[in-house]
Amino acid sequence: MPSGSFFTHCHCELFHAQWKALLNDDFIQAYEHGMVLTCCDGIPRRLYPRIFTYSADYPEKVLIVNICNMGSYPCPCCLIPKDCLQDLATKRDLLQ
């Protein structure tokens, strides 16, 4: 059975993949410039989608706060920088 840290890593990856799918280029375009929709009264209006709230438990909030986009490490728990990930599961990895 995989370890708890493996499931934690998978949960983190899934969490970020969901946000990546939601915040795609079309959404960013609509967020910045709006989208013109014809409302029920027949008047076209420019609407801007917004994410008003996000409810997360404490561990997820810590991840959100601590993760820097394009950071040097794969996650806040990792001590090995991304440029050393090619050594994953090797003897050198165990030494690091």
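Helices of at least four residues and strands of at least two are DSSP runs, numbered from the N terminus. The exercises below apply this definition to a predicted model.

**Exercise 1. Describe the order of helices and strands along the protein chain.**

Solution.
1. The secondary structure of the protein chain consists of 4 helices and 2 strands.
2. Along the sequence, these elements follow the pattern α-α-β-β-α-α.
3. Helix α1 covers residues 4-22.

**Exercise 2. Determine how strands β1 and β2 are arranged.**

Solution.
1. Strand β1 spans residues 35-38, and strand β2 spans residues 44-47.
2. The two strands run antiparallel and are joined by 4 bridges.
3. M35 stands opposite L47 in β2.
4. Between β1 and β2 lie 5 residues, and the two strands form a hairpin.
5. In the turn, G42 has a positive phi of about 85°.

**Exercise 3. Identify the partner of R45 in a salt bridge, and state how exposed each residue is.**

Solution.
1. A salt bridge requires a side-chain nitrogen of Lys or Arg within 4 Å of a carboxyl oxygen of Asp or Glu.
2. The closest N and O atoms of R45 and D41 are 3.0 Å apart, and these residues form a salt bridge.
3. The count by this rule is 1 salt bridge.
4. R45 has a relative accessible area of 34% and is partly exposed; D41, at 47%, is partly exposed as well.

**Exercise 4. Explain why C10 and C40 form no disulfide.**

Solution.
1. A disulfide is a covalent bond between the sulfur atoms of two cysteines.
2. The cut-off for a pair of cysteine sulfur atoms is 2.5 Å.
3. For C10, the closest cysteine sulfur belongs to C12 and lies 9.9 Å away, which is too far for a bond.
4. For C40, the closest cysteine sulfur is that of C39, at 6.9 Å, again too far for a bond.
5. A search of the whole structure accordingly gives 0 disulfides.
6. As to accessibility, C10 is partly exposed at 32%, whereas C40 is exposed at 90%.

**Exercise 5. Characterise the surface of the protein chain and locate a nonpolar patch on it.**

Solution.
1. The accessible surface of the protein chain is about 8,300 Å², and 62% of this surface belongs to carbon and sulfur atoms.
2. Of the 96 residues, 12% count as buried.
3. A nonpolar patch on the surface is formed by L22, L23, I28 and I51, which together have about 340 Å² of accessible area.
4. One of these residues, L22, is found in helix α1 and is exposed, with a relative accessible area of 54%.

Conventions
Residues are numbered from 1 along each chain as its sequence is written. This is a predicted model: local features need pLDDT of at least 70, side-chain atom pairs count only at pLDDT 80 or more; totals for chains, interfaces and linings use all residues. Side-chain values use heavy atoms; hydrogens and water are left out. Patches are made of residues with over 30% relative accessible area and no salt bridge: like charges are joined within 9 Å, nonpolar side chains (Val, Leu, Ile, Met, Phe, Trp, Tyr) within 5 Å. Accessible areas come from the Shrake-Rupley method with a 1.4 Å probe; for residues, only the protein chains shown count as cover. Buried means under 20% relative accessible area, exposed over 50%, partly exposed in between (1.4 Å probe, protein chains only). Two strands pair if DSSP finds at least two bridges between them.
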